[in-house]
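The following note sets out several points on the structure shown below. The points concern helix packing, burial and salt bridges.

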Amino acid sequence: LFVLGLVVLIFGIFNKNAVSVVSPLGQGVGGDKIYRANDWFPKLDEYPQSNVDVSAESAILVDYDSGEVIFAKGAKDRMPVASTVKIMTALVALERKKLMDEFTVSKGATEVGEDTMGLSEGEVLRFGDLMYGLLLPSGNDVAVTIAEGVDGTEDMFVVSMNKKAESLGLVDTKFINASGLDVDGERQYSTAFDLATIARFTWENHKEFRRVSETDYKFIEATNTHK
């Protein structure tokens, strides 16, 4: 969900028919402890003026390989992140956990609300399966389950998210939860520029993120292991 007109458009990402959807780096599938420094940013300073009319308040269209900005509008304006936050949720978890690691669903995770995968308290699922629930239906219950599974609590996971944003050289991004839901009195934001950088870095370094993003449909059987 791109709330309040926040749009991030990147060549080769979220379009499996486009060119350059396969990374030349050949990284392993999930679980790799990748702490690669980020060396790619949209070249906003070189952006040519355009007469294209886009209704979104913030948007960016970037060449995946060169970083050339084809179109930009309010690209560095801080905006609510909504479900785009889940790209960072996936990135942090992929750098810390293996796809076969098992996470237990807490009561709190099932009570987050709005978009969900439909998890039940006490279920035990592999991280690799939870990735589909995080990115396809944008499950808020999954986001909290992953956060708790990686760092023990969602609050501690958010610290990891913000540290990762800082390590990527992003100065206009702040996370307050792993789901992107609004919280009264707290501001969670990013920019089209920063989100393009996060998305490109995640796509480039994690095959599993690419695989899940290219999936149209995935059936995952419930694992009601709780008593």
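1. A residue counts as buried when its relative accessible area is under 20%, as exposed when that area is over 50%, and as partly exposed in between. By this cut-off aspartate 172, with a relative accessible area of 15%, is buried. The model under discussion is a predicted one.

2. Aspartate 172 takes part in a salt bridge with arginine 78, the side chains meeting at 3.1 Å, N to O. Arginine 78 sits in the loop between strand 3 (69–73) and strand 4 (79–80), and aspartate 172 in the loop between helix 5 and strand 7 (189–190); the pair therefore ties together parts that are 94 residues apart in sequence. In contrast to its buried partner, arginine 78 is partly exposed, at 36% relative accessibility. In total, the structure holds 5 salt bridges.

3. A further salt bridge joins arginine 96 to aspartate 151, with the closest N and O atoms 2.6 Å apart. This pair also links distant parts of the chain, since arginine 96 belongs to helix 1 and aspartate 151 to helix 4, 55 residues apart. Arginine 96 is partly exposed at 31% relative accessibility, and aspartate 151 is likewise partly exposed, its relative accessible area being 22%.

4. How are helix 1 and helix 4 arranged with respect to each other? Their axes are 10 Å apart and the packing angle is about 30°. Angles under 35 degrees count as roughly parallel, and the two helices are therefore roughly parallel to each other. Their crossing is left-handed. On the side of helix 1 the contact is made by Lys86, Thr89, Ala93 and Arg96, and on the side of helix 4 by Asn140, Ala143, Ile146, Val150 and Asp151. Sorted by class, this contact has 4 nonpolar, 2 polar and 3 charged residues. Both partners of the salt bridge between arginine 96 and aspartate 151 are thus listed in the contact.

5. Helix 1 (residues 85–96) also packs against helix 5 (residues 154–167), at an angle of about 95° and with the axes 10 Å apart. That angle makes helix 1 roughly perpendicular to helix 5. Helix 1 contributes Val85, Met88, Thr89, Leu91, Val92, Ala93, Glu95 and Arg96, which meet Phe157, Ser160, Met161, Lys164 and Ala165 of helix 5. By class, the contact of helix 1 with helix 5 has 8 nonpolar, 2 polar and 3 charged residues. Thr89, Ala93 and Arg96 appear both in this contact and in the contact with helix 4.

6. Is helix 3 (residues 127–135) mostly covered or mostly uncovered? The helix is mostly covered, with 8 of its 9 residues buried. The buried residues are Phe127, Gly128, Asp129, Leu130, Met131, Tyr132, Gly133 and Leu134. Their cover includes helix 1, strand 5 (102–104), strand 6 (124–126), helix 4 (140–151) and helix 7 (207–213).

7. One of the buried residues of helix 3, Asp129, has a salt-bridge partner: the side chains of aspartate 129 and arginine 126 meet at 3.6 Å, N to O. Aspartate 129 has a relative accessible area of 18% and is buried, whereas arginine 126 is partly exposed at 36% relative accessibility.

Key. Residues are numbered from 1 along each chain as its sequence is written. This is a predicted model: local features need pLDDT of at least 70, side-chain atom pairs count only at pLDDT 80 or more; totals for chains, interfaces and linings use all residues. Side-chain values use heavy atoms; hydrogens and water are left out. Axes are lines fitted to C-alpha atoms, for helices over the stretch in contact, and angles run from 0 to 180 degrees between N-to-C directions. Helices (H or I, at least four residues) and strands (E, at least two) are DSSP runs, numbered from the N terminus. Angles under 35 degrees count as roughly parallel, over 145 as roughly antiparallel, 65 to 115 as roughly perpendicular and the rest as oblique. Contact means heavy atoms within 4.5 Å. Ala, Val, Leu, Ile, Met, Phe, Trp, Tyr, Cys and Pro count as nonpolar, Asp, Glu, Lys and Arg as charged, and the others, Gly among them, as polar. Buried means under 20% relative accessible area, exposed over 50%, partly exposed in between (1.4 Å probe, protein chains only). A crossing is left-handed if the near helix is turned anticlockwise from the far one by less than a right angle, and right-handed if clockwise. A salt bridge is a side-chain nitrogen of Lys or Arg within 4 Å of a carboxyl oxygen of Asp or Glu.
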